[in-house]
Amino acid sequence: MVSISPFIFVIFGGDGNLSKKKLIPALYTLFKLQGLNEKSIILFHTLNPLEKIEMNHFIKNSLESFGTLQEEQYPLDRFLNKFINFSGDFNSPENFIHLNNLLCNIQDTLKEKWQIIFYLSIPPEFILPCLKIIEKIKYCENNEDKKLVIEKPFGNNLASAKFLNKELSNFFSEKEIYRIDHYLGKETVQNILFFRFGNSIFEPLWSREYVDHVEITISETIGIEKRGLFYEKNGILKDIIQNHALQLLALVAMEYPPNFQSDSIRDEKIKVFKSIKRFLTPEQIDENIILGQYDSGIVQGERVLSYREEENVESHSNTPTFFGGKFEIESWRWSGVPFYIRAGKRLKKKVTEIAIFFKNPPLNLFGKSCSQIAPNKIIFSIQPEEKIEIFVNMKYPGDKNYPHPIKLTFDYSSLENRLNLTAYERLILDIFKGDQSLFARQDGIELMWDIIDPLVSHFSNKFLDFPNYSSGTWGPKQRWNLYED
């Protein structure tokens, strides 16, 4: 692990679900791995004051439920002592005078170069009030290295994203802003670049000459899990496609960067976003995009409710929970290669993967038995299993030419003594290190909204015959032959 300078980690919304499920367990693990400076402090914001015993109970419950609480590896008491509670209503900045005093007192004890991370684990409507509070903080010295971490959704459309970016620029430089997308912290996602650019046998094949099509699947068996208010405002387009799906597409399609510096990688992703062919007419959208909403059905042996029966969902809701789309990239490398994206709730199984399908050989040299030969493909499995599979065809043993498809598998679970970091652990560590490679940049956020906004506008003004797929299936019927095995 690299050496990390001492830090103050300020969690706004410390007692929220994200903090409980992801941030606290991730910080504990990083301390346990001796990757974080022992002098560091975590400031834990709540709307109402907490007694020390109440805060400790919340943290311990978080580690027992979502973390790896093993006291013999890292003493729980030592971790609990790093937390200091402060409280206040975002609409009353004067309540945060205590925060400013805490920061000054902590800095006085550190007596060295330090960094302060403001993590906004809060609903979008509190972001701007929170920035106003941060603006009022009077740093005691000029040697702090301040950073801002902000969760998706980043804006609600292109206009709001631009407005938010402009507001952020009043308080932080782009080098200080970390827009987090946890998908980019997953090990298999990171390995896409190493797989392509670290192996000379694959990079020449990564083009329209050899690739038939690309499929990106983000399939979940769960429903909206009591997030009715959020989902009614956002739906699958804003929740998954605008961020996770387009980020995965960009990683597959980007050109090789001049180096692996953060801006070099993000520059190449920006080129992909600019090259995605826009839909110019309603007819083009309807031809290339399919939306769906789940009905009741059977998932993993249990009957589940329809979307419209979920808590805080309108009885005649027009909100989509499924997306199927065909995109094209107008570049020399990818011209004519369709990129299919499928994402949805209450589908047949939980899987996130990227499949690269290669063209079949131009001639059948092996007779009638090989007329239905399986295409070569590479699959990057992101969840629930992390692995990379390459599918090739071999001759089945014997005196006849029968094709026998086999797969060559690299499974992360087979590695010994590996440093197994979760997505949040990896991303938080990168924040401390100052590495922005796996974080979205301002122009990237705005370009992704530029792609999605016309789709949202089109379907919001159109009657959709929902629900149109049963829970536990692969979604509504599509005109594209996306594989379902």
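Mentor: A residue is buried at under 20% relative accessible area, exposed at over 50% and partly exposed in between (1.4 Å probe, protein chains only). The model is predicted: local features need pLDDT of at least 70 and side-chain atom pairs pLDDT 80 or more, whereas totals for chains, interfaces and linings use all residues. Residues are numbered from 1 along each chain as its sequence is written, and side-chain values use heavy atoms, without hydrogens and water.

Trainee: What percentage of the residues in the protein is buried?

Mentor: The protein has 485 residues. The buried share of these is 54%.

Trainee: How many helices and strands does the protein have, and what is its radius of gyration?

Mentor: Counting DSSP runs (helices H or I, at least four residues; strands E, at least two), the protein has 12 helices and 17 strands. The globule rule (2.2 Å times the number of residues to the power 0.38) gives 23 Å for 485 residues, and the protein is close to this, so it is as compact as a globular protein of that length. Its radius of gyration, taken over C-alpha atoms, is 24 Å.

Trainee: Which helix gives the most to the largest nonpolar core?

Mentor: Such a core joins buried Ala, Val, Leu, Ile, Met, Phe, Trp, Tyr and Cys residues through side-chain atoms within 4.5 Å. The largest one has 139 residues, of which Phe12 and Phe79 touch the most other members. With 13 residues, spread within 228-253, the main contributor is helix α8.

Trainee: Which tyrosines does phenylalanine 79 contact beyond four places in sequence?

Mentor: Contact requires heavy atoms within 4.5 Å. The partners of phenylalanine 79 include Ile24, Leu27, Phe31, Ile42, Ile59 and Leu63. Among them are also the tyrosines, Tyr28 and Tyr74.
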